[in-house]
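Trainee: Hi! I have this one open on my screen, could you walk me through it?
Mentor: Happy to, let's pull it up.

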Number of protein chains: 2
Amino acid sequence: MEARRVQQAGRRKKQHTMADVARAAGVSKSTVSRAFTQPEMLGTETVERIAAIAKTLGYVPNHTARALSTGRHGNLALIVTDVANPFFPPLIRAAQMEADGSDFCVFLGNSDENPRQEDKLVDRFVSQVEGLILVGSRLGAERIQHHAGRRPLVLINREVTGIPRVLIDSTTGVRQAIAHLAALGHRHIVYVSGPSSSWANRQRRNALRLAARQHGIEVDVLSARVPSYESGRAVVAELIESRATAAVAFDDLIAQGIMTGMAERGIPIPEAFSLVGCDDVLGAATYPSLTTVSNRSDEAGRAGVTLLLDRLSGRMAGDTRVVLDTHLVVRQTTAAPASGQRRQGG
Amino acid sequence: MEARRVQQAGRRKKQHTMADVARAAGVSKSTVSRAFTQPEMLGTETVERIAAIAKTLGYVPNHTARALSTGRHGNLALIVTDVANPFFPPLIRAAQMEADGSDFCVFLGNSDENPRQEDKLVDRFVSQVEGLILVGSRLGAERIQHHAGRRPLVLINREVTGIPRVLIDSTTGVRQAIAHLAALGHRHIVYVSGPSSSWANRQRRNALRLAARQHGIEVDVLSARVPSYESGRAVVAELIESRATAAVAFDDLIAQGIMTGMAERGIPIPEAFSLVGCDDVLGAATYPSLTTVSNRSDEAGRAGVTLLLDRLSGRMAGDTRVVLDTHLVVRQTTAAPASGQRRQGG
DNA sequence: CTGTTAGCGCCTTCAA
DNA sequence: TTGAAGGCGCTAACAG
């Protein structure tokens, strides 16, 4: 009794319902409902009268009840691996704005690079969204397919056949990066890898290996595991040990960490070591400014939402695949290798 | 008829409902419901059996139906002015994780520095959330109070009496910055202001003016309006014209823009001009690395959610006010003014 | 054009 | 400890 009262007190001032409006207007609930969802079915004056009454009453249709009855929520979920990684904010922002343009609300989920967490988030969102977007999902293909069976699903930077996806194709940019390093005279480089379950990471590694082979460049791979400033800094010791003359990092954060680590050891970039990042999220903030493979993650976000919305309105086939190009932005962290080093490398 | 079929086809494979689980377990719906919400009311084995069956069936309680029936959605909304501003991602991330720990889903809204958009977002969220968090709201006090009357509301970096809020207090850090500049010998500085409707901006400006007066430092104010790299760069011409020897920028993005603008004009920082940022979101990425007022925006996000959740569970009085300190991080963009400039300034 | 009647899936009294 | 029944607010047939 006591507890119940507390709970009721906790409840907000009760909103008016359709029944209130109907009573005040002397019509039935259905008519009120129609006045909001299919006004063209009603007499003009009826609609206006109901609208006026609703307004004075401060009536607002209940989103939840409507959703339960129609199965349409007007929500969608965006799940990313790490909100704070600068790759994501522009993507999130663009997705957000795009959804907003179609009156959709967006749930944001942060999986923290953890597949289990990602699963949990999907489960939690799935019953209240129209569809979901997974960015750089760390989930296995079968899990993804499972989820896709429950709700329309779009992937960003993850490739699973049969599921609509938008892919930022690093291949073009990475090829340019290798060509650039080759032209400068590098013969032995390192790829500093990111998370092994990341599609982007695999794609970059493979593209790099292929291009390097074509240019006769030797490639070592070191792993930074987590894409962060710290792990970039931590990998520097190994990097030096490798005796390579240049490195391509999985992303700009790692690259920035490497720059710091190199600076701490008094190794000047680009004079003694060349470095290329990926993503171009730091702008020209680092010094020297970072040569990097640029991508427009905001476009990926926008495209993801568009794809999902199209799919929802039935305007789209199942296996769409949107590919966004990348390109190398040459700034100041790449140069010809020091001659002494070049000998070592060969 | 045709249309209906299309719609049904569009509907996903129907999720299992409580009734399915009940049937499979040979119990009633109520029992299944209780197994999920008040297991202690049931026999241990009953609960386990139901849980097992639910699991094999892949049953997930329907969030929407539950919300309709209880009035509790398990959602909350976080509205920020610009997702892509590096100040926000850590805050968002922390808020996100904190909410997650209490099984809440979070809606993210991007107001784009626009009060109308902010209002719109609130309206759209309000009927499906337990409460909202507004970060750096650009809304008038009366609008905020209006919204707070509909749902529990927490403010971050916005002060409205009577509404729970967490404030990142730049005063302490700004004071340190002024003391630092004064000690270096600066006598005439500029505050490069951010959005005029921003609480943080007003607070920083006022704190700066006060501290400057105490140190006998002259202060001009220039406005960058939008907190971005570009607007920082755009303000540089005026900045030079002012003949001040140092500037404190509303945030690090503006400061970074100023650095670029100065570099373009061949004015070396800190030799010819000293610069202090706010927020400390760039790390040591700029060159020279930026002296700035540090704040931990992630703590603000976490605190905001905690405050809201506490309020929801009735554990909290109305007018809570959490204040987070800041402090100056001296790096490389501040130095004594050139002697010629100092004369001009006095 | 408008009213009537069933649900949507779940929670929550009230009985047993 | 469990079941039956009603309702949360709205939409969507089906009549009229």
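Trainee: Let's start where the two chains meet. How many salt bridges are there across the interface of chain A and chain B?
Mentor: Ten salt bridges turn up across the interface of chain A and chain B. Keep in mind that this is a predicted model.

Trainee: Can you give me one to click on? Which residue does Arg124(A) form a salt bridge with?
Mentor: Arg124(A) pairs with Asp100(B), and their closest N and O atoms are 2.9 Å apart.

Trainee: And polar contacts, how many residue pairs between chain A and chain B?
Mentor: The count is 22 residue pairs in polar contact, with both residues at pLDDT 80 or more.

Trainee: Which elements of chain A give two or more residues to the side that touches chain B?
Mentor: Those are α5, α6 (88-101), β2 (105-110), α7 (115-126) and α8 (141-150) of chain A. The most comes from α5(A), with seven residues.

Trainee: What's the mix of residue classes on that side of chain A?
Mentor: You'll find 21 nonpolar, 17 polar and 15 charged residues there.

Trainee: How much area do the two chains bury between them?
Mentor: About 4500 Å², and 50% of that is on carbon and sulfur atoms. Chain A brings 53 residues to the contact and chain B brings 56 residues.

Trainee: OK, switching to the DNA. Which residues come nearest to strand C?
Mentor: There are 28 residues around DNA strand C, and the nearest are Ser30(A), Thr31(A), Arg34(A), Met18(B) and Arg66(B).

Trainee: You mentioned Met18(B). What does its backbone sit beside?
Mentor: A backbone N or O atom of Met18(B) is 2.6 Å from a phosphate oxygen of DNA strand C. Ser33(B) also has a phosphate partner on that strand, this time through an N or O atom of its side chain, at 2.8 Å.

Trainee: And what about Ser69(B), which kind of oxygen does it lie by?
Mentor: For Ser69(B), a polar side-chain atom lies 2.7 Å from a sugar or linking oxygen of DNA strand C.

Trainee: What share of the strand C atoms within 4 Å of the protein is sugar or phosphate?
Mentor: Sugar or phosphate accounts for 62% of them, and the rest belong to bases.

Trainee: Which helices supply that surface near strand C?
Mentor: α3 (29-37) and α5 (63-70) of chain A, along with α3 (29-37) and α5 (63-70) of chain B, each supply at least two residues. The largest share is five residues, from α3(B).

Trainee: Last one: how do the residues of that surface divide by class?
Mentor: Near DNA strand C there are eight nonpolar, 15 polar and five charged residues.

Methods. Residues numbered from 1 in each chain as written. Chains lettered and ligands numbered in written order. Predicted model: local features only at pLDDT ≥ 70, side-chain atom pairs only at ≥ 80, totals over all residues. Heavy atoms only, no water. Near = heavy atom within 4 Å. Polar contact = N/O pair within 3.5 Å; in protein donor to acceptor, adjacent residues only side chain to side chain. Helix = DSSP H or I, 4+ residues; strand = E, 2+ residues; numbered from the N terminus. Nonpolar A, V, L, I, M, F, W, Y, C, P; charged D, E, K, R; others polar. Contact = heavy atoms within 4.5 Å. Buried area = accessible area lost by both parts, 1.4 Å probe. Salt bridge = Lys/Arg side-chain N within 4 Å of Asp/Glu carboxyl O.
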